[in-house]
Amino acid sequence: MKRIHTAVAAVVVAAAVIAPGASAATIHEHINDGGAALGGENKSTLGAMNDEASSLRVYGRTVTFAQDAYYRGNRFVAWKDQPDLRQAKVPFSVFATWTDEISSWYAS
């Protein structure tokens, strides 16, 4: 009986981390997957989550995140989770990171 409860708890925890509609990636408002979330495979615009991501999760895909809507601007390619986007640097910038910079993404 304990084994069943453990398996059910693991599924519930995993489901809580994946945002509705997430098939390739989920962005989160705060580091370590905290706060509001938005998921999907291809997002040309992000609505209220535009320039709000501080962490992201990817689900077995290579995902290209863009600095501007409609996949334009600088790009960041991820194939694994990024719990803190302050660690990911924007190209050609000494200090800029990807925190609060993502405006669209697509999966390969």
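A residue is called buried when its relative accessible area is under 20% and exposed when that area is over 50%, with partly exposed in between. In this predicted model, V90 stands at 6% relative accessibility and therefore counts as buried. The chain has one helix and six strands, which follow one another along the sequence in the pattern α-β-β-β-β-β-β.

**Chain as a whole**

- Of the 108 residues in the chain, 33% are buried.
- About 6,300 Å² of the chain is exposed, and carbon and sulfur atoms supply 58% of that area.
- When contacts between residues at least 6 apart in sequence are considered, 57% of them join residues at least 24 apart.

**Sheet and strand pairing**

- Strands of a sheet pair through backbone hydrogen bonds, and the pairing is either parallel or antiparallel.
- In this model, three strands form an open sheet in the order β2-β1-β3, and their pairing is antiparallel.
- The edge strands of this sheet are β2 (34-40) and β3, each of which pairs on one side only, and the twist from one strand to the next averages 20 degrees.
- The antiparallel strands β1 and β2 are joined by five bridges, and for H30 the bridge partner in β2 is G34.

**Nonpolar core**

- The largest nonpolar core holds 19 residues, and those that touch the most other members are I27, L56, V63, F65, F76, L85 and I102.
- Two or more residues of this core come from each of the elements β1 (25-30), β3 (55-58), β4 (63-68), β5 (72-78) and β6 (104-107).
- L85, which is one of the core residues that touch the most other members, is in contact with A53, S54, S55, L56, F76, T97, W98, T99 and I102 when residues up to four places away in sequence are not counted.

**V90 in the loop between β5 and β6**

- The buried residue V90 is located in the loop that runs between β5 and β6.
- Although V90 and F76 are 14 residues apart in sequence, their C-alpha atoms are 7.8 Å apart in space.
- With neighbours within four places in sequence left aside, V90 touches Q67, N74, A96, T97 and W98; among these, T97 and W98 are also in contact with L85.

**S55 and its surroundings**

- S55 belongs to strand β3 and is buried, because its relative accessible area is 0%.
- The side chain of S55 comes to 3.0 Å from the backbone nitrogen of D33.
- Outside its neighbours within four places in sequence, S55 has contacts with T26, I27, H28, H30, I31, N32, D33, G34, Q82, P83, D84 and L85; this list includes H30 and G34, which are bridge partners.

**Residues with positive phi**

- D33 has a phi near 65 degrees, a positive value in a residue other than glycine, and D33 is found in the loop between β1 and β2.
- With a relative accessibility of 26%, D33 counts as partly exposed, whereas S55, whose side chain reaches the backbone nitrogen of D33, is buried.
- D100 likewise is not a glycine and has a positive phi, of about 60 degrees.
- D100 lies in the loop between β5 and β6, the loop that also holds V90; at 34% relative accessibility D100 counts as partly exposed, while V90 counts as buried.

Notes. Residues are numbered from 1 along each chain as its sequence is written. This is a predicted model: local features need pLDDT of at least 70, side-chain atom pairs count only at pLDDT 80 or more; totals for chains, interfaces and linings use all residues. Side-chain values use heavy atoms; hydrogens and water are left out. A nonpolar core is a set of buried Ala, Val, Leu, Ile, Met, Phe, Trp, Tyr and Cys residues joined through side-chain atoms within 4.5 Å. Buried means under 20% relative accessible area, exposed over 50%, partly exposed in between (1.4 Å probe, protein chains only). Helices (H or I, at least four residues) and strands (E, at least two) are DSSP runs, numbered from the N terminus. Contact means heavy atoms within 4.5 Å. Two strands pair if DSSP finds at least two bridges between them. Axes are lines fitted to C-alpha atoms, for helices over the stretch in contact, and angles run from 0 to 180 degrees between N-to-C directions. A polar contact is a pair of N or O atoms within 3.5 Å; within protein, one must be able to donate a hydrogen and the other to accept it, and residues adjacent in sequence count only if both atoms are side-chain atoms. Accessible areas come from the Shrake-Rupley method with a 1.4 Å probe; for residues, only the protein chains shown count as cover.
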